[in-house]
Amino acid sequence: MEYYSKQISNLIGELSNLPGIGSKSAQRLAFYLLNRPKEEVDRLASVLTEARQNVHYCKECYTLTDQEICPICANEKRDRKKIMVVEDTRDLAAYEKTGKYEGLYHVLHGAISPMQGIGPGDIKLKELLQRLQKEDVDEVIIATNSSLEGETTAMYISKLIKPTGIKVSRIASGVPVGGDLENIDEVTLLRALEGRTEL
Ligand code: ZN
């Protein structure tokens, strides 16, 4: 990219580091941004900086939030006896969109993947077990993706929790194999939740 001046190349370089953004898209975005009013670009930059600075894990469920306790955990009306385990905050959002799940969540921030060197200690699993020791929970619903990693994680969690006597269930396989939860429509998600089976 030597035909662009250094600052333009830097901008394109940073943008092309984003997931799903190839070098062509990065160039398109860079020139789009450079042609926008300065205030608009300043606003984008400050939203980015502030979100990165203030967003952290919820102290209870580990979802990403800008509050100490996220709105779901803070909501008195939620059923505290059910915890749905998901891989990331986007999966949580997908289930929230259905509007039909009233329990709490636990966000793992990943899945076990021996191939990628991601072990149980690399996701928020210890934190889940600590929660189960402290709180009075009836059921843990495992809603990890139906990929190899998601299934491996589900099996692992089930083995850990079973001895505690807490019911462990897995969402039904209406969710396509290898499917990312967030890309699945709400009806399919609901069906998967309602058709969950005990492990
Ligand atoms: Zn929370």
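**Close-up views of the predicted model**

**View A. In the pairing of strands β5 and β6, residue I142 stands opposite R170 of β6.** The model is predicted; local features require pLDDT of at least 70 and side-chain atom pairs count only at pLDDT 80 or more, whereas totals for chains, interfaces and linings use all residues. Residues are numbered from 1 along each chain as its sequence is written, and side-chain values use heavy atoms, with hydrogens and water left out. Strands β5 (residues 139–142) and β6 (residues 167–170) run parallel and are joined by four bridges. The connection from β5 to β6 passes through helix α7 (residues 148–161), forming a right-handed β-α-β crossover. Right-handed here denotes a path from the first strand over the helix to the second that runs clockwise when the strands point away from the viewer. Helices (H or I, at least four residues) and strands (E, at least two) are DSSP runs, numbered from the N terminus.

**View B. Five strands form an open sheet of mixed pairing, in the order β4-β3-β5-β6-β7.** Two strands are taken as paired if DSSP finds at least two bridges between them. Strand β3 (residues 79–86) runs parallel to β4, with five bridges joining the two; within this pair, D79 stands opposite G103 of β4. Strand β7 (residues 197–198) pairs with β6 over two bridges in the antiparallel sense, and T197 of β7 stands opposite R170. Because β4 (103–107) and β7 each have a single partner strand, they form the edges of the sheet, and one side of each is left without a neighbour there.

**View C. Four cysteine sulfur atoms are the protein donors of the zinc ion.** The SG atoms of C58, C61, C70 and C73 lie 2.3 Å from the metal. Donors are N, O and S atoms within 2.8 Å of the metal (3.2 Å for Na, K and Ca); water is not among the atoms, so sites may look incomplete. The spacing of the donor residues in sequence is C-x2-C-x8-C-x2-C. C58, in the loop between β1 (56–57) and β2 (64–65), and C73, in helix α4 (residues 71–74), are 15 residues apart and link distant parts of the chain. The arrangement is tetrahedral because the four donor atoms subtend angles of 105 to 115° around the zinc ion; for four donors, this class requires all angles to lie between 85 and 135 degrees. Both C58 and C73 are buried, where buried means under 20% relative accessible area, exposed over 50%, and partly exposed in between (1.4 Å probe, protein chains only).

**View D. Helix α2 (residues 23–35) has a buried face and, on its other side, exposed residues.** The 13 residues of α2 reach 18 Å from first C-alpha to last, close to the expected 18 Å; the expected span is 1.5 Å times one less than the number of residues. A26, Q27, A30 and L33 are the buried residues of the helix. Seen down the axis, these residues fall within an arc of 135° and therefore line one face of α2; the arc is that of the directions from the helix axis to the C-beta atoms. On the other side, K24, R28 and N35 are exposed. K24 counts as exposed because its relative accessibility is 73%. The C-alpha atoms of K24 and N145 are separated by 31 Å, and the two residues are 121 residues apart along the chain.

Methods
Tetrahedral: all angles 85-135°; square planar, octahedral: opposite > 155°, others 65-115°.
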